[in-house]
Amino acid sequence: MPIQKTLSIIKPDAVVKNLTGKINARLEDAGLRIIAQKRLQLTRSQAEKFYEVHREKAFFDDLCEHMSSAPVVVQVLCGENAVSKNREIMGATNPANAEIGTIRRDFGQSIEHNVVHGSDSPENADIEIKFFFSQLEIIE
Ligand code: CMP
């Protein structure tokens with residue numbers, strides 16, 4: 001299985017509820033390694049840039065409003081099949097449809113307040129990691 005990196009964001013709804021440690025434990029217990037991590041607050045325009053691919057969607061404004069409403073914790077996760085493994089641990093986008101025991105099912109409130117973001121492909125992981133981190137900040 002390939003060793004991959006993926007970008008994870010612990011979203012404002014989870015940071016406000018002080019869930020960072022619980023979420024990190026889920027990631028580490030599943031075998032992923034947090035090789036970079038920082039807490040920051042996105043500006044509205046940074047959130048819009050990150051989610052540019054969703055600009056035409058009806059939920060774009062609310063999504064960017066939420067993502068810039070409070071701090072986030074951005075992380076680079078590393079491990080075997082990290083992209084798909086992280087998506088498994090997160091669960092479906094809508095917490096109501098996520099498997100029991102996944103992060104979104106256990107901590108999420110709604111499709112918008114769904115606790116975490118994870119890259120959906122190795123190619124996007126590369127782009128998303130570069131959005132937040134310089135090479136110097138990623139310690140393998
Ligand atoms: P995320 O993995 O961060 O990627 C885009 C986000 O948009 C997604 O998680 C959800 O929080 C949000 N999203 C996706 N679909 C919808 C929807 N139909 N309504 C509201 N928000 C959505």
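Biologist: What is a polar contact, and how far is the side chain of Arg-104 from an oxygen atom of the ligand?

Modeller: A polar contact is a pair of N or O atoms within 3.5 Å. This model is predicted. In it, an N or O atom in the side chain of Arg-104 pairs with an oxygen atom of the ligand, and the distance is 3.2 Å.

Biologist: Which residue has a polar side-chain atom 3.3 Å from an oxygen atom of the ligand?

Modeller: The cut-off for such a pair is 3.5 Å. The residue with a polar side-chain atom 3.3 Å from a ligand oxygen is Asn-114.

Biologist: How far is the side chain of His-117 from an oxygen atom of the ligand?

Modeller: The pair consists of a ligand oxygen and an N or O atom in the side chain of His-117. The distance between these two atoms is 3.1 Å.

Biologist: How much of the accessible area of the ligand does the protein cover?

Modeller: On its own, the ligand has 450 Å² of accessible area. The part of this area covered by the protein is 77%.

Biologist: How do the residues of the shell around the ligand divide into nonpolar, polar and charged?

Modeller: The residues around the ligand include Lys-11, Tyr-51, His-54, Phe-59 and Glu-112. Lys and Glu count as charged, Tyr and Phe as nonpolar, and His as polar. For the whole shell, the division is four nonpolar, four polar and three charged.

Biologist: Which pocket does the ligand take up, and what is the volume of that pocket?

Modeller: The space taken by the ligand is the largest pocket. The volume of the largest pocket is about 620 Å³.

Biologist: Which of the residues that line the largest pocket are the closest to its centre?

Modeller: The lining of this pocket has 25 residues. Those closest to the centre are Tyr-51, Val-53, His-54, Leu-63 and His-117.

Biologist: Which element gives the largest share of the lining of the largest pocket?

Modeller: Helix H3 (44-50), helix H5 (82-90), strand S4 (116-118) and helix H7 (122-132) each give two or more residues to this lining. The largest share is four residues, and the element that gives it is H7.

Biologist: What is the volume of the second largest pocket, and which element gives the largest share of its lining?

Modeller: The second largest pocket has a volume of about 170 Å³. Among the residues that line it are Pro-122, Ala-125, Asp-126, Ile-129 and Lys-130. The largest share of this lining is five residues, and the element is H7.

Methods:
Residues are numbered from 1 along each chain as its sequence is written. This is a predicted model: local features need pLDDT of at least 70, side-chain atom pairs count only at pLDDT 80 or more; totals for chains, interfaces and linings use all residues. Side-chain values use heavy atoms; hydrogens and water are left out. A residue is near a molecule or strand if one of its heavy atoms lies within 4 Å of it. A polar contact is a pair of N or O atoms within 3.5 Å; within protein, one must be able to donate a hydrogen and the other to accept it, and residues adjacent in sequence count only if both atoms are side-chain atoms. Accessible areas come from the Shrake-Rupley method with a 1.4 Å probe; for residues, only the protein chains shown count as cover. On a 1 Å grid over the protein atoms alone, a cavity is a set of points where a 1.4 Å probe fits but cannot get out, and a pocket is an open set with protein on both sides within 12 Å along at least five of seven lines; lining residues have an atom within 4 Å of a point. A molecule sits in a cavity or pocket if more than half of its atoms lie within 2 Å of its grid points. Grid points are joined across faces, edges and corners, and a volume is the space filled by probe spheres set on the points.
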